[in-house]
Amino acid sequence: MRVGIISYYDYDEYIKPKKKLKIYENWHKAWEEVFNLSDENNIELKNYQSNEHYIYDKLIFLEIPRINDLIKILFLNLLKKRIYTILIINETFLGRPRYMLRIPFLFNKVLINSEEQIKKFMNYKVETFSYPSLPKRNLVLKEKSLILNSKRKNKLIFIGSFKMALSKHGSYIYRYKLVKELLKYSKFFELYGYGWNKTPLPFDIVGIAIIVRFKWLRNIVKMFMKLSFKPLGRFPIANSKSKTLRKYDFSLAIEPTISKFNSVCEKIFDPMLSGTIPIYFGQKFSNIPENTYIRINKYSSAKDIINIIENLSEEKKKEYRENIYNFLISKEADRYRYSNFANKIVDAIL
């Protein structure tokens, strides 16, 4: 069976990298599992080419597609060969708006990243999956000593680039204000990431696709952005996220959105895999034990967080790491594994 993939993001970087990447993200690891499982089931996954439309048995749209990509498929389905389409939505609604799902019959099957068991979304019946963030249990078992290692800096680390969204459902404004305040506590906080020395464009404003094409428009928007979101400076880049995290006791883990879709990204899991205690701002969920992270909310200040770091005993930190490890090897964690995501995708194709 031949299955074409039409990705909103670059296929050769996001799905199946042609070259060795400096940072191999969870999404890459999950799709590596998808390709391996597909091979076992005689499914050939390929980057879709419109001039070969007739060779495909099914098509996967990865994220809400661009209008021109969708129209092209609808046109070829009408004139050349009608092909079953599967839509996989992993990106938050801030990253890719979902208005297209108000139009019925564009897609045959829809899978959406959500912690809730949603049966219908807009005009489509949907199946849900959790963001793939964890390796198989046997690989976690091999990392036991690393996860439980207590020889770390009693500091909070945050690894993230300077991005901005203005929606009330996003966490980016809170994240900026919190990081700005935490930088005053250099004894207990370290920041890693790109772009903190530049003013970002808000990626969720109407017309952003047009704004980025014109320098004069970009400069006007940045001028207004700089009034509220001044650059914070230049900071080191983490060449390896996991190796950097494992040096610290705590990591700031902030979900990009707080919304009714209740989706969870890799933010809380990356620290766990390094044995770092997540200080988590995000969704409420029942699948991840509360004793594996420290929850903060929009009222939590930098001083509140620093007080936690200063006062948490070594015994309590050890207890957190043991709880984290036990969760990572549990059946409850299976829903977040790359292999579970691969099974979902292959099942949808079959």
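What is the volume of the second largest pocket? In this predicted model, the second largest pocket has a volume of about 300 Å³. Its lining is made up of 14 residues, and Lys168, Ile258, Phe281, Asn297 and Lys298 are those that lie nearest its centre. By residue class, the lining comprises 6 nonpolar, 5 polar and 3 charged residues. Rolling a probe the size of a water molecule over the atoms shows where empty space is left.

The account now turns to the sheet. An open sheet is formed by 7 strands, arranged in the order S2-S1-S3-S4-S5-S7-S6, with mixed pairing. S2 and S6 occupy the edges, and each has a single partner strand, so one side of each lacks a neighbour in the sheet. Strands of a sheet pair through backbone hydrogen bonds, either parallel or antiparallel. Both senses can be followed by moving along this sheet from strand S4 (residues 84-89) to S6. S4 and S5 pair in the parallel sense over 4 bridges, with Ile112 of S5 as the bridge partner of Ile89. On the next step, S5 and strand S7 (residues 124-129) also pair in the parallel sense, over 4 bridges; here Glu127 of S7 is the bridge partner of Leu111. S6 and S7, by contrast, run antiparallel and are joined by 2 bridges, and Tyr124 in S7 is the bridge partner of Phe121.

Strand S5 (residues 109-113) merits separate attention, being mostly covered, with 5 of its 5 residues buried. In a regular strand the side chains alternate between the two faces of the sheet. In S5, Lys109, Leu111 and Asn113 point one way, whereas Val110 and Ile112 point the other way, and all are buried.

Two loop residues have backbone angles that deserve a closer look. Asn42 is found in the loop between helix H2 (26-40) and strand S2 (44-47). Its phi is near 55°, a positive value in a residue other than glycine. Asn42 has a relative accessible area of 63%, which is over 50%, and therefore counts as exposed. Met122 lies in the loop between strand S6 (120-121) and S7. Although Met122 is not a glycine, it has a positive phi of about 55°. Met122 is partly exposed, its relative accessible area being 28%.

Nonpolar packing is the next topic. In soluble globular proteins, nonpolar side chains tend to be buried together. The largest nonpolar core of this model has 39 residues, and Leu156, Leu178, Trp196, Leu252 and Ile279 have the most contacts inside it. Among the elements that give two or more residues to this core are strands S8 (153-159), S9 (189-192), S10 (248-254) and S11 (277-281), together with helices H6 (172-182), H7 (208-211), H8 (215-228) and H11 (302-311). H6 provides the largest share of this core, 6 residues.

The final element considered is helix H12 (residues 314-328). At 1.5 Å a residue, its 15 residues should span 21 Å, and the end C-alpha atoms are 21 Å apart, which agrees. Within H12, the buried residues are Lys317, Tyr320, Arg321, Asn323, Ile324, Tyr325, Phe327 and Leu328. An α-helix has 3.6 residues a turn, so residues three or four places apart point the same way.

Definitions and conventions:
Residues are numbered from 1 along each chain as its sequence is written. This is a predicted model: local features need pLDDT of at least 70, side-chain atom pairs count only at pLDDT 80 or more; totals for chains, interfaces and linings use all residues. Side-chain values use heavy atoms; hydrogens and water are left out. The expected span of a helix is 1.5 Å times one less than its number of residues. Buried means under 20% relative accessible area, exposed over 50%, partly exposed in between (1.4 Å probe, protein chains only). Two strands pair if DSSP finds at least two bridges between them. On a 1 Å grid over the protein atoms alone, a cavity is a set of points where a 1.4 Å probe fits but cannot get out, and a pocket is an open set with protein on both sides within 12 Å along at least five of seven lines; lining residues have an atom within 4 Å of a point. Grid points are joined across faces, edges and corners, and a volume is the space filled by probe spheres set on the points. Ala, Val, Leu, Ile, Met, Phe, Trp, Tyr, Cys and Pro count as nonpolar, Asp, Glu, Lys and Arg as charged, and the others, Gly among them, as polar. A nonpolar core is a set of buried Ala, Val, Leu, Ile, Met, Phe, Trp, Tyr and Cys residues joined through side-chain atoms within 4.5 Å.
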